[in-house]
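Colleague: I would like to go through some of the terms used for this model. Please set each one against its definition.

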Amino acid sequence: MTGSSPMTGKACDGMRSENHVLISRFIRYVIPSVLAFALSGVYAIVDGYFVGNKVGDAGITAINLVYPAVALTQALGTGIGMGGAVWYSLQRASARQEEADRYVGVTAAYLLMAAAAVTAAFLPATPLFLDMLGASGVVREYGKVYLVIVMSGAVCQIFGTGVTPMVRNCGGSGFSMVIMTAGFITNVVLDFLLIWVWDKGVAGAAAATVAGQLVTAVGGVGFLVKKKLPVGRLRFCGRCFFSITKIGLSAFGVTLCPNISLLLMNLFLMKYGGDQAVACYAVVSYASCIVYLMLQGVGDGCQPLFSDYYGKGDLKSLEKVQTIAFAAAEAVGVLCFGLLFLTRNHIGRLFGASPKVCAAVADRMPVILAGFLFLAAARVVTSGFYATGQSGRSVVLVYAEEVFLLALLLILPGYFGETAVWWSMSGAQMLVGVWAVVMGVRSR
């Protein structure tokens, strides 16, 4: 006679129940995070869509050129917010609520300080920054207008991106999607009114962006206040600032590095392909940024779970979540690869690009898509590292992508021309993806 003993049956039932709870938590945290980040990708595209169709190639090229500076403010907010959120979760999971509350006040103070520093530093340096990018003529004028307005509202962007990780770590993953949706709707409505109805051009796009981030920031702070977190009790603690910075460097890099890549690609495409190549990459980067953000959404959505299980010492559940996260990230990568490949002939027209730029987009898009599947693995491993306090490993992995990209750009285009500039991007992602898997296996 065959069969299971009562004890074995109970153990299996317990394991199934445990796995069900874990998968349910994963879905509850990760799905809203992926949707919210996908929405933030559309958020970035909206300006390009309205400006491209109203102002033309010069407008979309200008926004694309200066966007790395704008992204710096968002990356600062994300890095500080994520660093504070990770420490909040680790302390709370270890039953140290007073220390967890301390990190809430310190994070709020850190965000305010960062906003003031960015505004004070960037506004006077705007002409120099545009000179460094090689902007001239009408592209320079458009870029200056956009940059000045957005940097004047840096506090909105830094708080808008900074409070979101804390909201997720306080059980508000769904609400974080709500406030990002509210910001997105605000941006779309104002883009339509300011650019198309009132003909404010690039200045209207910048004002709409700031207003959308303001809505997200106000909603996030309101959620934390309702949860009775001491977000208004600003604290200044050198030790906490340092701890937040160590963890935040990775999240900062995950957000900023695609924009460093954007800057490097613009510089080398301008050198080897001219204005048309830069305009082509502007469209490609707008389309692919949704993919990068969705992959980041998988990693950041898992972060509260990683930190919670690690803080409780439940390493078995931690490894299960990591396995599910890998599968989810690769599924997102495959889906996005297929969608963008099938629609590559139509993407350029969406942004009002000229026929030549549209043809170039269809030709170059598959090259960029090649790196997505490798990047998916890197995002999950990176999130696992910084969520569990392994800041050194996560920092090395995050910034390795830019090192690989710069090395390939310095070597390959000199021999193979503009085509090699595009392959340098996907090649860097392939290298960092393989390295991430190796580091993840060795760490485990």
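Colleague: Which residues line the second largest cavity?

Modeller: Its lining is made of Val 104, Thr 107, Ala 108, Leu 111, Phe 159, Gly 162, Val 163, Met 166, Leu 224 and Val 231. Helix 3 (97–133) and helix 5 (154–169) are the elements that give two or more residues to this lining. The model is predicted: local features need pLDDT of at least 70, side-chain atom pairs count only at pLDDT 80 or more, and totals for chains, interfaces and linings use all residues. Residues are numbered from 1 along each chain as its sequence is written, and side-chain values use heavy atoms, with hydrogens and water left out.

Colleague: What makes a space a cavity, and what makes a residue part of its lining?

Modeller: On a 1 Å grid over the protein atoms alone, a cavity is a set of points where a 1.4 Å probe fits but cannot get out, and lining residues have an atom within 4 Å of a point. The whole structure has five cavities of 30 Å³ or more, and the second largest holds about 70 Å³. That volume is the space filled by probe spheres set on the points, which are joined across faces, edges and corners.

Colleague: How many residues of this lining are nonpolar, polar and charged?

Modeller: Eight are nonpolar, two polar and none charged. Ala, Val, Leu, Ile, Met, Phe, Trp, Tyr, Cys and Pro count as nonpolar, Asp, Glu, Lys and Arg as charged, and the others, Gly among them, as polar.

Colleague: Why are helix 4 and helix 7 called roughly parallel?

Modeller: The axes of helix 4 (residues 137–152) and helix 7 (residues 201–226) cross at roughly 20° and come within 8 Å. Angles under 35 degrees count as roughly parallel, over 145 as roughly antiparallel, 65 to 115 as roughly perpendicular and the rest as oblique. Helix 4 and helix 7 are therefore roughly parallel.

Colleague: What is the make-up of the contact of helix 4 with helix 7, by class?

Modeller: Tyr 142 and Ile 149 are among the helix 4 residues in contact (heavy atoms within 4.5 Å) with helix 7, where Val 202 and Thr 209 are among the partners. The contact has 11 nonpolar residues, one polar and no charged.

Colleague: What makes helix 2 roughly antiparallel to helix 8?

Modeller: Helix 2 (residues 57–93) and helix 8 (residues 238–272) pack at about 160°, with axes 6 Å apart. Because of that angle, helix 2 counts as roughly antiparallel to helix 8. Their contact has 18 nonpolar, 11 polar and no charged residues.

Definitions and conventions
Axes are lines fitted to C-alpha atoms, for helices over the stretch in contact, and angles run from 0 to 180 degrees between N-to-C directions. On a 1 Å grid over the protein atoms alone, a cavity is a set of points where a 1.4 Å probe fits but cannot get out, and a pocket is an open set with protein on both sides within 12 Å along at least five of seven lines; lining residues have an atom within 4 Å of a point.
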